[in-house]
Amino acid sequence: MERADLELVTTVRHRGSLAAAAAALGVAPSVVTKRLAALEGRLGQRLFERTTRRLNLTVEGEAVCLHADKLLEGFAALEAELSERHSALRGRLRIAATLGFGRRWVGPALAEFQQRHPGLQIDLQLSEQLPDLGADGYDGALWLWSVQGAHSAHWISRRLARNQRILVASPAYLSAHGTPRALEELATHACLIVRENTEAQGAGREHWALKHDKESALSRVRVQGPLSSNSGEMVRDWCLAGRGIMLRSLWDIAPQLAAGELVRVLPHHAMPDADIHWIAPWRPKTPRRVRLLIDFLAEQFRSEPWKP
């Protein structure tokens with residue numbers, strides 16, 4: 001059976017007569033009669049019982065119509081998707097991202113995506129606190145953690161790239177104070193602390209959860225130091241100036257590592273769950289502009305361009 005045959009049968013069923021079906025299809029009633037008779041002949045089954053006043057589906061006709069509806073819906077969906085793939089992207093994208101990563105990596109990527117699709121308008125909001133994506137009308141966010149806990153049933157998450165938070169210091173600091181050889185030795189060093197929330201903590205004190213690359217268990221190490229800030233960039237500047245050891249994402253310090261301005265400390269240890277994720281509220285159908293943006297970002301970040 002061909003698509004035209006399926007459309008013929010469903011049109012006759014919906015219109016209730018051959019004449020009405022012919023009008024809907026834009027052909028003469030005799031054409032519909034001949035086509036239906038030819039189809040029934042090929043199938044060896046009668047699809048309609050004809051009387052002078054009406055048509056009634058046979059059992060075989062009911063079976064054909066049941067499958068015809070699903071097949072025609074599939075044809076329509078395929079055509080819509082193919083047409084959509086070749087149409088220009090239009091509309092607005094509202095994206096959230098963390099301040100540092102957003103400014104360093106997301107902003108340039110979004111500018112390139114918009115240049116490829118000039119019909120789009122993109123609004124990037126940078127924040128250290130994840131907004132209420134659904135209530136505030138965001139299409140999604142690029143964040144340094146995956147969906148967990150209460151959000152997991154209502155949000156979607158896709159990892160776009162791997163990332164690590166690693167321990168680093170300047171050569172000047174290590175020359176003056178020595179290089180720690182074990183996690184426990186961090187307690188004797190000046191550690192630079194980034195305070196990313198407002199939870200009350202002891203002044204200059206923090207716990208870093210680190211994992212050895214050959215072990216599965218986390219080790220919690222209490223660290224302290226004279227300098228802390230809610231600005232990661234400030235802490236990075238202090239580290240470059242030789243004021244202590246910091247725990248920082250690789251995406252943020254890769255150029256300094258490559259240039260030798262920073263040196264990795266305890267290189268087999270890192271903080272887990274710092275990967276780059278796309279997160280968004282679940283929706284039954286994701287707009288094409290959002291799907292293509294996610295694929296574009298995945299391609300941009302797949303090679304982890306921040307690697308030294």
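How many nonpolar, polar and charged residues does the lining of the largest cavity have by class? The lining has five nonpolar, one polar and two charged residues, where Ala, Val, Leu, Ile, Met, Phe, Trp, Tyr, Cys and Pro count as nonpolar, Asp, Glu, Lys and Arg as charged, and the others, Gly among them, as polar.

This is a predicted model, in which local features need pLDDT of at least 70 and side-chain atom pairs count only at pLDDT 80 or more, while totals for chains, interfaces and linings use all residues. Residues are numbered from 1 along each chain as its sequence is written, and side-chain values use heavy atoms, with hydrogens and water left out.

## The sheet β4-β3-β5-β15-β6

Five strands form an open sheet in the order β4-β3-β5-β15-β6, with mixed pairing. Helices (H or I, at least four residues) and strands (E, at least two) are DSSP runs numbered from the N terminus, and two strands pair if DSSP finds at least two bridges between them. At the edges stand β4 (120-126) and β6 (155-161), each with a single partner strand, so one side of each is left without a neighbour in the sheet. From one strand to the next the twist averages 25 degrees.

Strand β5 (residues 140-143) is covered on both faces, with Gly140 and Leu142 buried on one side and Ala141 and Trp143 buried on the other; buried means under 20% relative accessible area, exposed over 50% and partly exposed in between, with a 1.4 Å probe and protein chains only. In a regular strand the side chains alternate between the two faces of the sheet. The pairings of three strand pairs, each with one pair of facing residues, are set out below.

| Strand pair | Sense and bridges | Facing residues |
|---|---|---|
| β3 (residues 91-97) and β5 | parallel, three bridges | Ala96 and Ala141 |
| β5 and β15 | antiparallel, three bridges | Ala141 and Ile279 |
| β6 and β15 | antiparallel, six bridges | Ser157 and Ile279 |

Ile279 of β15 thus stands opposite Ala141 and is also the bridge partner of Ser157. Helix α5 (residues 99-116) packs on this sheet, touching β3, β4, β5 and β15, and its direction makes about 180 degrees with that of β4. Helix α9 touches β3, β4, β5, β6 and β15 as it packs on the sheet, at about 30 degrees to the direction of β6. Contact here means heavy atoms within 4.5 Å; axes are lines fitted to C-alpha atoms, for helices over the stretch in contact, and angles run from 0 to 180 degrees between N-to-C directions.

## The cavity and a pocket

The count comes to one cavity of 30 Å³ or more, and the largest cavity has a volume of about 30 Å³. On a 1 Å grid over the protein atoms alone, a cavity is a set of points where a 1.4 Å probe fits but cannot get out, a pocket is an open set with protein on both sides within 12 Å along at least five of seven lines, and lining residues have an atom within 4 Å of a point. Grid points are joined across faces, edges and corners, and a volume is the space filled by probe spheres set on the points. The largest cavity is lined by Asp139, Ile156, Trp278, Ala280, Pro281, Arg283, Thr286 and Val290, and strand β15 (residues 276-281) gives the largest share of this lining, three residues.

The second largest pocket holds about 190 Å³ of space. Among its 16 lining residues, Gln164, Lys211, Ala270, Met271 and Pro272 are the closest to its centre, and the lining divides into five nonpolar, five polar and six charged residues. Strands β9 (205-212) and β14 (269-270) each supply at least two residues of that lining.

## The sheet β11-β8-β12-β7-β13

Another open sheet of five strands has the order β11-β8-β12-β7-β13, again with mixed pairing; its edge strands, β11 (228-229) and β13 (263-265), each pair on one side only. Strand β8 (residues 191-194) pairs with β11 in the parallel sense over two bridges, and Ile193 stands opposite Ser228 in β11. Helix α7 (residues 232-240) packs on the sheet, touching β7 (165-169), β8, β11 and β12 (245-249), and its direction makes about 170 degrees with that of β8. Helix α8 (residues 250-259) lies across β7, β12 and β13 and runs at about 115 degrees to β12.

Within β11 lies Ser229, which is buried with a relative accessible area of 13% and touches Ile193, Val194, Arg195, Met234, Val235 and Trp238, not counting residues up to four places away in sequence.

## Two residues with positive phi

Most residues other than glycine have a negative phi. Leu266, in the loop between β13 and β14, has a positive phi near 45 degrees and is buried, with a relative accessible area of 8%. Glu304, in the segment after α9 (288-301), has a positive phi near 50 degrees and is buried at 15% relative accessible area.
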